[in-house]
Amino acid sequence: MIRLPSRARVYWLPLVAIGLFVILLFFSLMRLGEVEKTMRSHVDENMLWVIAQAQLASHRLQEAVHRHAMNDPDAQPEQRLDVLYSRLTLMDQGPQRRYIRALGFEPLLDDTLEQLAQIDSLLPLFLLDELTSDDMYRNIQPLLTTLNRMANAVMMAEWESTGQRLDDYRDSLMQVIYSAVGILVTGLLLALLLLWALSKRRQAQEALTQHLDHLEDVVSARTQDLEEQRRRLADSINTAPDGFAAFSANGQLQLINSRLAQLLPETERIFSPSTPLPDVVTRLCQTCVSTSATLPLHQASSQCDIELAGGEWRQLTLRRTPSGGHVMRLADITPYKKAAIALENALERERGVSDFYRSFAAMVSHQFRTSLAVIDSGLQRLMRHPTGYTTEERKARYQRLRDTATHMTELVDASLLTAQLDAGQVRSYQQPHDLIQLARKACHLHQETSDNDRLPINVVLPPALKTLQVSCDKALTEHIIDNLLTNARKYSRSGHPINIELSHDAHWAYCRVSNQGDAIPSAEQPHIFERFYRGANGADQQGLGLGLNIARTLARIQQGELVLLSSTPEATTFQLTLPQAQTQSDTWCNKESIC
């Protein structure tokens, strides 16, 4: 047994009622149409009228013959014969002949037409008195008899047709009445179904209203629960020590906590709501000083360390969510990164110290052995010939021994300072100092400790520059300038001065030391600040190749820089750059701007 679905069981009765209503209505209209068509068809009545007219015309022809026989001038039998012709001709055409054929009188109609033709041929004789009226009567009488028989048959057929038509009308009327009753019943059924449907609809609306009210209560309670969970989640995210940002599947920003703005500069510009995730990553990388790796968005998880301005480090993690979005986490790893960098620097310094002492042992053993050999040989000669030298020769030998001892002292000082730099024991205590006074003092001390009469030192200042305050360590800066002056003295041509040129811009002060001597080859220029590196033109000069390396390191400790500015056959120039010291007004302005 086939079970209809519940919705089909609800609709099948109205559909059947509507179908029955349509069928009954169509049937009643069809029956009424047939009745109307039948009522429009009056062929039998037309035949009765035609036969009656034909009988009347035949009698009038007979009357006209009689009146003509009585010498009546108005008889006109020819006209009466023509009228009878027209009546019989009408019976011989179209539906009238088919009707007569249906009654079985078609032979009689043909005989009537033959008799009429015979009468038509006899009428001229009668009019010429060649034929008597009795003869005409005898020829007209069969025509009258035939027409009477046909009229009687048509009358009987009309009665039967009328009775049959009345029976059909009655049957059709009853069918229409039955159809109307059926239509009325189906209409009542449809009305009852409509009322039932309206009642069910009202009940359904009431149930739906109750259900909607219940759903609203459930949704409201669920919304409150979700809002509470969202609030707890937001509080957890906002109070988390790390920064978080959530992105949808199409890369749009959905959530960001306040901690992210504390860990990352320019957060509003980078994480604007209209910026997609790829642009956020690009802007983030552009803001950073450096990154340890890239962040491919197609991977499920990726991580990199980023360095911000000021030496702070952040760890950036990007993970893909199951819905296709991304979650970004930003953690502060500055202490760990600094500890790692410090450990790495310590290891690097340890390796450097080890390399330094290995190189130093080889270099110093050679330099010290050479110097000691010079001192020993000089002293032995003086001991063997205490009175064999003139005063000038003895003075020259004493000066040579003194220079050798001084060189050994410089070697020891340079070695100790390099070791202290590698161990991180050298600190810069920066205070405002006048760079002009420091340069002049270094020139004065340098000229006192060496024979520089033939190499004058000129300090060149811009016009109206009376003081040049820099933030530096006085002792370290004097050591740098002294080192530059020592190198300039070693490699200058005889008779050419050493120039110290001082200048400044908005934030920096510059000290350029120039000497005229052989140019440093371009292939050696990138290596002159390396430890133990000595160029080809320094082979005949004493030294370990540590001076420029120490000077650059001391400059960088003071947030400055030491570079080879140029080296040509005309002049070789080194430039020391130091930060200018802030004045009292600048300090006040900066504090005000920070506040």
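**Close-up 1. Contacts of L435 in the predicted model.** Leaving aside neighbours within four places in sequence, L435 is in contact with L468, V470, T477 and I481. L435 also contacts L502, A509, Y510, C511 and L578.

**Close-up 2. The largest nonpolar core.** This core has 39 residues. L435, L485, I500 and F574 have the most contacts inside it. Helices α12 (435–449), α13 (474–491) and α14 (547–557) each supply at least two residues of this core. So do the strands β9 (469–472), β10 (498–504), β11 (508–515), β12 (561–567) and β13 (572–579). Another core, of 33 residues, lies apart from this one. L88, L116, I140 and A153 are among the residues of that other core.

**Close-up 3. An open sheet of five strands.** The strand order is β8-β10-β11-β13-β12. Pairing within the sheet is mixed. Strands β8 (457–460) and β12 sit at the edges, and each pairs on one side only. From one strand to the next, the twist averages 20 degrees.

**Close-up 4. The pairing of β11 with β13.** Strands of a sheet pair through backbone hydrogen bonds, either parallel or antiparallel. Here β11 and β13 pair in the antiparallel sense, over eight bridges. Y510 stands opposite T577 in β13. Y510 is also one of the contacts of L435.

**Close-up 5. Helix α14 against the sheet strands β12 and β13.** Helix α14 lies across both strands. It runs at about 130 degrees to β12. Helix α14, β12 and β13 each supply at least two residues of the core with 39 residues.

Technical notes
Residues are numbered from 1 along each chain as its sequence is written. This is a predicted model: local features need pLDDT of at least 70, side-chain atom pairs count only at pLDDT 80 or more; totals for chains, interfaces and linings use all residues. Side-chain values use heavy atoms; hydrogens and water are left out. A nonpolar core is a set of buried Ala, Val, Leu, Ile, Met, Phe, Trp, Tyr and Cys residues joined through side-chain atoms within 4.5 Å. Buried means under 20% relative accessible area, exposed over 50%, partly exposed in between (1.4 Å probe, protein chains only). Helices (H or I, at least four residues) and strands (E, at least two) are DSSP runs, numbered from the N terminus. Contact means heavy atoms within 4.5 Å. Two strands pair if DSSP finds at least two bridges between them. Axes are lines fitted to C-alpha atoms, for helices over the stretch in contact, and angles run from 0 to 180 degrees between N-to-C directions.
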